[in-house]
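I opened this entry to record a few things I wanted to look up before going back to the bench. My notes follow in the order in which I checked them.

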Amino acid sequence: MMKKQLLIILAGILFAGSFAFQPVHASKIVESDREVNQLDEAGSLAKYHDDNINGKNIKIAILDTGIDTTNRDLTFKKAINFTSADSADFTDRNGLGTKIAGIIGARKNGEGLIGIAPNSELYIAKVANDSGKVAFAEVIKGLNWAVQQKVDIINISLEFGKGNEALKEAIDNAVEHDIIVVASAGNIRAEGDTFKAYPGAYPDVISVGMLNVNGQIYADEFKEKKVDVYAPGEDLTSTYFDNKMTLDTGVSYATAYASGYAALVMEDKLSRDESISRESLLKTMKADLNQGINGTPWYVYTGLILNILTCCAIIGLGIYSILSYRKSITRKWPLRIIGISIAIIIAVNVVARYLVFLISK
């Protein structure tokens, strides 16, 4: 009986050990002290933050409905209003601009939300009124103002159903000043809705589609749109009025996620003295964010293969153990061989998974 119990215990240890050091590639919204970390389905966001890459010195202009100036989680460098004669009235009374600002750059301050790029510098241009209505003229003014501020990234979570020559010129002007323009690919308003959303549809703009909480494309309609990169957009935590937080779903929020993430990639490349371009940012962002779209990361496949091999080894060892036990009624049961086999399997799992974990970081 002691031999049998020992075998059961060792098998249990092996089963638990078979999943040790599995590379972490998917995590949901979690609480850390009093702050909430953003959805990180691909696991790549945490890697930047763990390396202390938080968007430092990256300037991001947000063209939206303004910002809640009383929110303790939000700070900004400059702000302006283009929706009325009072340029100083950039207070958000709609909520969208505050949510976008929080997803991008909510500060790591011990409360509320931690944004994608919490150390980035936010420049707020109120180009949509309190009802959320937006016109070409205001967006163009916001673009030109952002160029004057010498920002690095412009986030436009708003969309138009058609293009505009003056808007295109303003976009081209920003791009000529080496500014990365990130815009929505457009929400899916009905089944089969594949309309082009502007300014996202312009060639030099990074157009953002939406992923669900499982890292998959949210709707098939996005495959027919002009989409340059996909980002999480379902159930994102956002800052809101009265220092509250909400869960929101939409391409606008995926766009904000992409803009914040672009800031992390930009800071990382600058620290390595690498050149920054729309293409180089896109390449990195696709590799980091498009889990389940352009291929699962190699280390996930490695983990699955290890799991399969471990299960096969457990089953084989179990069969061998049963056969040996039945044959050893009158002879010595080969417990030593079984124990050594279990130890080898555990050691291989631990070493292999730990190496994969280190390499995947």
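**Notebook: a serine, a helix and two cysteines**

I began with Ser252, which I found in helix 6, the helix that runs over residues 251-271. I am working from a predicted model, and I read every entry here with that in mind. Is Ser252 buried or exposed? I noted a relative accessibility of 9%, and because buried means under 20%, Ser252 counts as buried. I then looked up its contacts, leaving aside the neighbours within four places in sequence, and listed Leu96, Ile100, Ser157 and Asn187.

Next I turned to helix 4, residues 136-148, and checked its length: at 1.5 Å a residue its 13 residues should span 18 Å, and the end C-alpha atoms are 19 Å apart, which agrees. I wrote down the buried residues of helix 4, among them Phe136, Ile140, Leu143, Trp145 and Val147, and I noted that Glu138 is also on that list. What covers these buried residues includes strand 3 (59-64), strand 4 (78-81), strand 6 (121-126), strand 7 (153-156) and helix 5 (165-176). After helix 4 I came to Lys150, whose phi is positive, near 55°.

Last, I looked for disulfides and found zero in the structure. Why is Cys311 not bonded to Cys312? The closest cysteine sulfur to that of Cys311 is in Cys312, 7.0 Å away, which is too far for a bond, since a disulfide needs the sulfur atoms within 2.5 Å. I recorded Cys311 as partly exposed, with a relative accessible area of 37%, and Cys312 as partly exposed too, at 49%.

Key:
Residues numbered from 1 in each chain as written. Predicted model: local features only at pLDDT ≥ 70, side-chain atom pairs only at ≥ 80, totals over all residues. Heavy atoms only, no water. Helix = DSSP H or I, 4+ residues; strand = E, 2+ residues; numbered from the N terminus. Buried < 20%, exposed > 50% of the residue type's maximum accessible area, 1.4 Å probe, protein only. Contact = heavy atoms within 4.5 Å. Expected span 1.5 Å × (residues − 1).
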